[in-house]
Number of protein chains: 2
Amino acid sequence: MQTRQSEEALDHFHHNMISEFSKTLEMFSLNTTESQLFVILYLSDEPMTLDDMKNSLGKSKTAMSNSIRTLLDYNLVERVWKKGARKDLYQAEKDLFGQFMKAYVNRWLDAIDRQKSSLKQIEENIKSDELHSDQQTSAKLKEAIRFHDALEDVFNDINNNDF
Amino acid sequence: MQTRQSEEALDHFHHNMISEFSKTLEMFSLNTTESQLFVILYLSDEPMTLDDMKNSLGKSKTAMSNSIRTLLDYNLVERVWKKGARKDLYQAEKDLFGQFMKAYVNRWLDAIDRQKSSLKQIEENIKSDELHSDQQTSAKLKEAIRFHDALEDVFNDINNNDF
DNA sequence: TATTCCGTAAAGTTTAAACTGAACAAACTT
DNA sequence: AAGTTTGTTCAGTTTAAACTTTACGGAATA
């Protein structure tokens with residue numbers, strides 16, 4: 001009875017932590033389920049199966065499978081092996097901050113690189129278009145590319161200085 | 001005829017720029033319309049009215065009104081006054097990079113602050129709950145709060161160093 | 001004062017994301 | 001080999017975001 005009540009209170013705290021902490025994690029472009037799932041894994045001392053997660057979150061197994069896969073893609077979660085276990089087991093990466101920042105920064109740098117290339121391509125096309133060398137547009141393009149360079153610097157700095 | 005063709009080509013380049021540049025801007029948590037709208041304003045040498053935007057993007061005036069309002073909230077766009085003009089006029093902020101970073105960093109810092117407070121509140125509640133002082137959960141909470149502190153440092157650094 | 005024009009609000013529709021349940025294939029058990 | 005178990009795919013549904021149209025209030029014009 002005492003224990004029972006105590007467990008409920010613990011659940012309550014966990015519930016609050018999941019609710020609040022996941023809000024921050026969502027800012028790393030994770031959706032609600034992915035964020036909540038990570039916090040649950042983070043709070044668990046044991047690795048969890050898809051069915052464990054399903055029960056914790058009260059959502060379908062398919063939803064768990066999908067969400068865990070994107071968390072794996074971002075290296076925020078890892079699959080662990082346990083002797084004789086048939087079900088897959090997952091746990092949160094230990095280096096919480098480092099992994100999140102790395103995943104985040106990489107996502108930014110990838111996107112910046114991709115779009116910068118596109119803009120440079122457009123720049124080439126304008127140059128090689130003799131019919132009209134539009135100064136105004138070219139200038140804007142140059143500025144947009146500089147914008148991407150500056151962004152790149154910011155995120156490279158995060159990589160170098162902060163973890 | 002010559003001019004006509006030239007204008008079409010220019011439209012083409014503009015169209016590509018809008019398409020590509022806006023992808024980067026979406027990463028600042030702007031939606032597609034807001035991003036495209038900003039690029040259009042950015043490319044325009046003249047301030048634009050809601051109807052101008054409507055025509056450029058091919059969407060409803062209400063959509064323009066809503067999007068421009070969030071861009072205003074983020075200080076990415078400003079309303080300008082012109083003698084005798086009845087319609088509102090808007091233009092992109094000059095300091096492209098600075099404004100975007102500022103808006104972005106502030107959004108992060110606000111959210112971090114809010115969630116950190118929530119987590120600290122939970123920490124208090126656990127401490128004052130004599131029935132069970134759960135070490136494991138408390139430790140995780142502490143780490144989560146440190147996580148927010150570290151995040152705060154990163155974004156404060158961006159503010160201080162980079163623009 | 002009546003009328004036109006402009007921006008926003010409200011209500012309803014469309015579109016995309018998130019989720020579920022059934023079905024399936026691979027791996028494991030017996 | 002037959003029957004389970006497990007994770008994933010697929011088809012369909014629910015839910016939320018984005019968008020459009022109509023309506024309205026305030027300001028400018030006549």
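**Surface near DNA strand C**

I began with the character of the surface near DNA strand C, whose residues divide into two nonpolar, eight polar and six charged. I note here that the model is predicted. I then listed what surrounds DNA strand C and found 16 residues. The closest are N31(A), K59(A) and S60(A) from chain A, with S65(B) and D88(B) from chain B. I next asked which elements give two or more residues to this surface. They are α2 (32–43) and α4 (61–73) of chain A, together with α4 (61–73) of chain B. I recorded α4(B) as the element with the largest share, at three residues.

**Relation of the two chains**

I superposed chain B on chain A and obtained an RMSD of 0.1 Å. The operation is a turn of 180 degrees with a shift of 0.0 Å along the axis. I therefore entered this as the relation of a two-fold axis.

**Contact between chains A and B**

I counted 42 residues from chain B and 42 residues from chain A in the contact. On the side of chain B that touches chain A, I found that α1 (2–26), α2 (32–43), α5 (96–127) and α6 each supply at least two residues. The most comes from α6(B), which gives twelve residues. By type, the residues on this side of chain B divide into 23 nonpolar, ten polar and nine charged. I also compared the interface residues of the copies: 100% of those of chain B are also interface residues in chain A, so the copies meet through the same surface.

**Helix α6 of chain B**

I checked the length of α6(B), which covers residues 135–161. At 1.5 Å a residue, its 27 residues should span 39 Å, and the end C-alpha atoms are 39 Å apart, which agrees. I then asked which residues of α6(B) are buried. They are K140(B), L141(B), A144(B), F147(B), H148(B), L151(B), V154(B) and I158(B). I marked K140(B) in this list as a charged residue.

**Strands β1 and β2 of chain A**

I looked up how β1 (residues 77–80) of chain A pairs with β2(A), and found the antiparallel sense over four bridges. Within this pairing, E78(A) stands opposite Q91(A) of β2(A). I then followed the side chains along β2 (residues 89–92) of chain A, which alternate. Y90(A) and A92(A) point to one face and are buried. L89(A) and Q91(A) point to the other face and are not buried. Thus Q91(A), the residue opposite E78(A), belongs to the face that is not buried.

Key:
Residues are numbered from 1 along each chain as its sequence is written. Chains are lettered from A and ligands numbered from 1 in the order in which they are written. This is a predicted model: local features need pLDDT of at least 70, side-chain atom pairs count only at pLDDT 80 or more; totals for chains, interfaces and linings use all residues. Copies are superposed by least squares on the C-alpha atoms of residues with pLDDT of at least 70 in both. Two residues are in contact if their C-beta atoms, placed from the backbone, lie within 7 Å. The expected span of a helix is 1.5 Å times one less than its number of residues. A residue is buried if 20 or more other C-beta atoms lie within 10 Å of its own, exposed if 12 or fewer, and partly exposed in between; C-beta atoms are placed from the backbone. A residue is near a molecule or strand if its C-beta atom, placed from the backbone, lies within 6 Å of it. Two strands pair if DSSP finds at least two bridges between them.
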